Amino acid sequence: MQHVNLPDLILEPLVRAALMEDLGTYGDVTTRAVIPADVTYDARLNARQAGVVSGMQIARLAFQLVDPSLVVETLRPDGAPCAPGDTLMTIKGSAASILSGERVALNFAGRLSGIATLTSQFVKETEGTATRITCTRKTTPGLRLVEKQAVLHGGGFNHRFSLSDAILIKDNHIAAAGGVRAVLKAAKASASHMMRVEIEVDTLDQLAEVLEEGGADVVLLDNMDTATLRDAVALVKGRVVTEASGNMTLPRIADVAATGVDYISSGALTHSAKTLDLGLDF
């Protein structure tokens, strides 16, 4: 697992927006009505399922943005494994403040730990190969940064973050531009020396055309069966980076990795991960 933390400054706007959404226009009226301001407590953020932890940095920010005087200690850092009953974090201080930040902290931590956990399951299926697991842009709007960070915590790798990171020519680009050769010629003419070019192919004939024309750094082998992927890797002979994509579900990963592809990209890592069950206990 990769222990990847970002500066708090980058994450604070996301957490602050979530807190504003949850606290509404008048704050936590329930807590204010029933919890005396001077009551303090020691709370524990506990795992109720086995998995890989992510979102602890964000959970800490949620509590401390509500009340900077809260004392938060992370016991299981992002990227660490957890078992049912493990305490991931302790929060000490005002009971009212802890309760007001609880839901946002748990929403982030549960969602991101679910992504890290699913990613780790994909990665495990590639053991013994050089294939890497990577995510896609199929992320929750506004949360791409932290969801991709959770993929890193699960041992995966990140694909491009946005449309501006790299030239990725998909089938619709090829159709609109007039074919594989035309689109590669256009990409080569406009790309700087720092901009990598990836092109999607659906068939071995298209792949052969890409290799003959040149100009691509990465080839995306889309929706190919396992036998065709193996033939594609043999055809490439290491000349470009290969990425298998399309219907990359967990049961397929071991077989696909065995074909020798460099990367397997799966939108499921972020769009289909199940929230890991976490709870805050007083």
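What follows is a chat between two people about the predicted model above.

Colleague: What kind of model is this, and how are its residues numbered?
Modeller: It's a predicted model, where local features need pLDDT of at least 70, side-chain atom pairs count only at pLDDT 80 or more, and totals for chains, interfaces and linings use all residues. Side-chain values use heavy atoms, with hydrogens and water left out, and residues are numbered from 1 along each chain as its sequence is written.

Colleague: How many helices and strands are there in the protein chain?
Modeller: Both kinds are DSSP runs numbered from the N terminus: helices are H or I with at least four residues, strands are E with at least two. The C-alpha atoms fill a box of roughly 75 × 35 × 25 Å along the principal axes. The count for the chain is eleven helices and twelve strands.

Colleague: What percentage of the residues in the protein chain is buried?
Modeller: Buried means under 20% relative accessible area, exposed means over 50%, and partly exposed is in between (1.4 Å probe, protein chains only). The chain has about 13,400 Å² of accessible surface, 54% of it belonging to carbon and sulfur atoms; such areas come from the Shrake-Rupley method with a 1.4 Å probe, and for residues only the protein chains shown count as cover. Of the 282 residues, the buried part is 47%.

Colleague: Which residues have the most contacts inside the largest nonpolar core?
Modeller: A nonpolar core here is a set of buried Ala, Val, Leu, Ile, Met, Phe, Trp, Tyr and Cys residues joined through side-chain atoms within 4.5 Å. The largest one has 68 residues, and α4 gives the largest share of this core, ten residues. The ones with the most contacts inside it are Leu45, Phe63, Ile91, Ile199 and Leu221.

Colleague: Which residues does Phe63 touch, not counting those up to four places away in sequence?
Modeller: A contact means heavy atoms within 4.5 Å. Phe63 is among the residues with the most contacts inside the largest core. Its list is Leu70, Val72, Met89, Ile91, Ile98, Gly101, Glu102, Ala105 and Leu280.

Colleague: And Thr119, is that buried or exposed?
Modeller: Thr119 sits in helix α4 (residues 95-124). Leaving aside neighbours within four places in sequence, Thr119 is in contact with Val151, Gly154, Gly155, Gly156 and Leu269. At 0% relative accessibility, Thr119 counts as buried.

Colleague: What does α8 pack against?
Modeller: Helix α8 covers residues 204-213, and its buried residues are Gln206, Leu207, Val210, Leu211 and Glu213. Right after α8 comes Gly214, with a positive phi near 80 degrees. The buried residues of α8 pack against α7 (180-190), β8 (197-201), β9 (218-222) and α9 (226-236).

Colleague: Which residues share a salt-bridge network with Glu213?
Modeller: A salt bridge is a side-chain nitrogen of Lys or Arg within 4 Å of a carboxyl oxygen of Asp or Glu, and Glu213 makes one with Arg181 (3.0 Å, N to O). Glu213 lies in helix α8 and Arg181 in helix α7, so the pair ties together parts 32 residues apart in sequence. Through shared partners, Glu213 is joined into one network with Arg181, Lys185, Lys188, Glu209 and Glu212.

Colleague: How many residues apart in sequence are the parts that Asp8 and Arg60 tie together?
Modeller: The whole structure has eleven salt bridges. In the one between Asp8 and Arg60, the closest N and O atoms are 2.9 Å apart. Asp8 lies in helix α1 (residues 8-23) and Arg60 in helix α3 (residues 56-66), so the separation in sequence is 52 residues.

Colleague: How many disulfides does a search of the whole structure find?
Modeller: The cut-off is a pair of cysteine sulfur atoms within 2.5 Å. Cys82 counts as buried at 7% relative accessibility, and Cys135 is buried at 0%. The search comes back with zero.

Colleague: Which residues form the nonpolar patch on the surface?
Modeller: Patches are made of residues with over 30% relative accessible area and no salt bridge, joining like charges within 9 Å and nonpolar side chains (Val, Leu, Ile, Met, Phe, Trp, Tyr) within 5 Å. This patch has about 240 Å² of accessible area together. One member is in the loop between α2 (29-34) and β1 (40-47), namely Val39. The full patch is Val39, Tyr41 and Phe282.
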